[in-house]
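Visitor: Take me in close on the aromatic rings, please, and then on the backbone. I'd like one connected tour.

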Amino acid sequence: MSTLAPGQAAAPAAAVMRPVPARVERVIKETHDTFTLTLGPGGGEPLPRFHPGQFSMLYVFGAGELPISISGDPELPDRLHYTVRSVGPVTYRLVTRQPGESVGVRGPFGAGWPLTEARGKDVLIIAGGIGLAPLRPAVYHILRHRGDFNRLMVLYGARSPQDLLFKKELAAWNLLPDTQCLSTVDYGGVSWRGYVGVVTTLFRYTRLLPSQTVALLCGPEIMMRYATGELEQRGLPRDRIFLSMERNMKCAAGFCGHCQLGPYFVCKDGPVFPYSKMKPYMDQYEL
Ligand SMILES: Cc1cc2nc3c(=O)[nH]c(=O)nc-3n(C[C@H](O)[C@H](O)[C@H](O)COP(=O)(O)OP(=O)(O)OC[C@H]3O[C@@H](n4cnc5c(N)ncnc54)[C@H](O)[C@@H]3O)c2cc1C
Ligand code: FES
């Protein structure tokens with residue numbers, strides 16, 4: 001089964017504003033504050049399919065609703081995975097859901113990663129912190145369709161070794177042909193034997209061929225600002241650098257204007273945008 005092409009994964013009309021009930025099947029602790037939830041169908045309705053880079057609005061009954069990217073394999077239907085960092089009241093209530101409890105799911109929403117455009121090219125993934133979660137479905141897609149892409153490079157930065165997500169998967173991917181995965185941390189501690197420094201320091205260990213590379217970035221905006229600068233310096237054109245932007249959301253369907261960024265609604269036109277469109281707005285903070 002193939003993933004939906006970009007633009008084809010719009011939520012069915014009924015799912016846009018009405019949460020579909022889902023059942024928590026599993027909660028895995030990834031780090032001290034980050035958990036991956038597996039959701040299965042909770043009523044008669046099947047869970048929707050998605051394109052890598054899309055997000056859902058997850059409704060924790062009695063607590064609130066928030067946007068969370070889908071972090072699982074787009075070609076394993078019937079289950080949705082979300083990797084959530086507990087930063088406030090609603091994310092806390094989400095990650096402390098118990099197996100068997102319900103969560104409402106709206107979506108999927110937004111334009112995902114441009115995997116059709118990336119076919120035949122090297123794919124450079126640059127992630128910071130929880131930003132690796134929305135990129136993991138893109139990695140799964142590339143690995144399932146390995147012949148459609150050239151080299152895959154994943155550069156990942158986190159605050160400390162304890163904050164690194166998906167460590168076993170990154171190590172396993174790094175052993176695959178034409179695949180390089182490097183991680184770095186801001187503070188290593190005495191037992192850390194890996195790289196220390198911001199994610200852009202990893203560029204020196206990769207061979208970037210600007211004429212045949214597509215870059216996909218997700219993480220704190222400060223990280224994306226430095227990484228885009230570095231990529232431009234190395235000759236990568238702005239329309240082959242793609243960023244996932246985060247803005248506060250309410251409707252997620254292009255109605256309320258909460259997520260507006262210049263002429264764009266991040267929920268509908270994004271969250272993934274080419275850097276050529278985002279460059280003027282990179283320094284614009286949320287109101
Ligand atoms: C398209 C999209 C996809 C997202 N995907 C994920 C994901 O896969 N996993 C995940 O853990 N989170 C993701 N987020 C962020 C997540 O929605 C917020 O962390 C959540 O809304 C916080 O809600 P809260 O009530 O727990 O905390 P709040 O009380 O609302 O916030 C707690 C702290 O987190 C900060 N915060 C709130 N929202 C954001 C945000 N959007 N970005 C950065 N900081 C924020 C606040 O400023 C505050 O300091 C995504 C956001 C968007 C817009
Ligand atoms: S969240 Fe309502 S328009 Fe984007």
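Guide: Here is the tour, starting with the rings and then moving along the backbone and out to the whole chain.

Before we zoom in: this is a predicted model, where local features need pLDDT of at least 70, side-chain atom pairs count only at pLDDT 80 or more, and totals for chains, interfaces and linings use all residues. Residues are numbered from 1 along each chain as its sequence is written, chains are lettered from A and ligands numbered from 1 in the order in which they are written, and side-chain values use heavy atoms, with hydrogens and water left out.

So, the rings: there are 6 aromatic pairs in the structure (rings of Phe, Tyr and Trp, the last by its six-membered ring, with centres within 6.5 Å; planes under 30 degrees apart are stacked, over 60 edge-to-face, the rest tilted). One of them is Tyr140 with Trp173, edge-to-face, at 6.3 Å centre to centre and with 90 degrees between the planes. This pair ties together distant parts of the chain, with Tyr140 in helix 3 (residues 132–144) and Trp173 in helix 4 (residues 167–174), 33 residues apart. (Helices are DSSP runs of H or I, at least four residues; strands are runs of E, at least two; both are numbered from the N terminus.) Tyr140 and Trp173 are both buried, meaning under 20% relative accessible area with a 1.4 Å probe, protein chains only, where exposed is over 50% and partly exposed lies in between. Elsewhere, ring pairs join Tyr264, Phe273 and Tyr281 into a cluster.

Now the backbone. In the loop between strand 8 (152–158) and helix 4 you'll find Phe166, whose phi is near 50 degrees, positive although the residue isn't glycine. Phe166 is buried as well, at 6% relative accessible area. Ala252 has a positive phi too, near 65 degrees, and sits in the loop between strand 12 (241–244) and strand 13 (260–261); its relative accessible area is 3%, so it counts as buried.

There are cis peptide bonds to look at, too. Gly107 to Pro108 has omega near 15 degrees, with Pro108 in strand 6 (residues 102–109). Gly270 to Pro271 is cis with omega near 5 degrees, and Pro271 is in the loop between helix 6 (266–269) and strand 15 (272–274).

Zooming out, the chain has 7 helices and 15 strands, and 52% of its 287 residues are buried. Its C-alpha atoms fill a box of roughly 50 × 45 × 40 Å along the principal axes.
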